[in-house]
Amino acid sequence: MAISIFWRLILSHIVILLLSGAACFYSIMQLGALSGAARSALDTNQRMIAYQEGLTEAFLSEVRYGGNYVISHSEARYDQLLQFKREFVNYLEILKRLGHSESTSLSAIERLHDQYHELFDREVTYIRANQNYAQSRYQQERDKLVESTVGELDLLKAQLRARLQNKLEILDQAARTARKIAIATTLVVLILGILISLKVSRSMDGSMIKPAAAPVIGAPSADAGSVERTSRAEREHKRLMRQAHHLTALTESLVGPRSRRFVRSKDTTSRKGN
């Protein structure tokens, strides 16, 4: 069954709209995914890097005030050490909640931090009891623990930065892929729209052209000679008609004045007789 021109136009526009809608839907989905990944990279990872820096500063402050307490035996220095210890624990708990993939490094940092404070608390006990102890040995052990802890903190920072870089690379790759697919889809929609428009236009032109009348079966066909003779006779007929028209006009021009004089003389004679 043939499809009318109206329905061809409707179907072609529906196809173009569907393709355009599919391209827009894909672009929206990709933009949503990129937005979520960017939010995660800027929010979670940046926060974790900031917390890692705070964790490192809190631990170095503990070491600094711990060394001052060992030298000066000042309780104010010890209180400040405890304050930075609480900050360290808070930062560590936050990083544990946020960084599931960095749990190994966080566990190592927590273990080294506990060992450091166990050693320092024994030293504080000796200092408060005014007992002699091997201060140099404790100092060496604390330095080793500090070095190991700082190394783990640097490793954690490197892991967080690598994770952020990985997310940024994924974002870049996804953006490039979405751009390529959007360009390809746009080109496909344009090409299909042009092809459908051309096809519909040809269909409309073909339907508007009336077919020529078919020759009657059995009718004699005129050859080239007869057609030429007919056209020559028509031209001759037209020429004779033009000449006859000229002769008629010339006769009227010659006879007209005499007939008018004859009519006037006849009218005069009739009036005299009366």
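Visitor: In which helix is the place of R179?

Guide: R179 belongs to helix 4 of this predicted model.

Visitor: Is R179 buried or exposed?

Guide: Exposure is assigned above 50% relative accessible area. R179 has a relative accessible area of 58%, and therefore counts as exposed.

Visitor: What separates the C-alpha atoms of R179 and Q30?

Guide: A distance of 9.5 Å lies between these C-alpha atoms, although R179 and Q30 are 149 residues apart along the chain.

Visitor: How should the nonpolar residues be read, and which have the most contacts inside the largest core?

Guide: In soluble globular proteins, nonpolar side chains tend to be buried together. Here the largest nonpolar core comprises 21 residues, and L55, F88, L95, I109 and L156 have the most contacts inside it. At least two residues of this core come from each of helix 1, helix 2 (75-98), helix 3 (103-128) and helix 4 (135-208). Helix 4 contributes the most, with seven residues. A second, separate core of nine residues includes Y65, Y69, Y78 and F84.

Visitor: Which residues does L156 touch, beyond those up to four places away in sequence?

Guide: L156 touches Q52, L95, E102, S105, L106 and I109.

Visitor: Where does E62 lie, and what is the nearest side chain of opposite charge?

Guide: E62 is part of helix 1, which spans residues 5-72. A salt bridge requires a separation within 4 Å. E62 is buried and has no salt bridge; K85, the nearest side chain of opposite charge, is 6.5 Å away.

Visitor: With which side chain does that of E62 make a polar contact?

Guide: The partner is the side chain of H113, at 3.0 Å. Beyond its neighbours within four places in sequence, E62 is also in contact with residues including L81, F84, F88 and Y116.

Methods:
Residues numbered from 1 in each chain as written. Predicted model: local features only at pLDDT ≥ 70, side-chain atom pairs only at ≥ 80, totals over all residues. Heavy atoms only, no water. Helix = DSSP H or I, 4+ residues; strand = E, 2+ residues; numbered from the N terminus. Buried < 20%, exposed > 50% of the residue type's maximum accessible area, 1.4 Å probe, protein only. Lys, Arg positive; Asp, Glu negative; His and termini not counted. Polar contact = N/O pair within 3.5 Å; in protein donor to acceptor, adjacent residues only side chain to side chain. Contact = heavy atoms within 4.5 Å. Core = buried A, V, L, I, M, F, W, Y, C linked by side-chain atoms within 4.5 Å.
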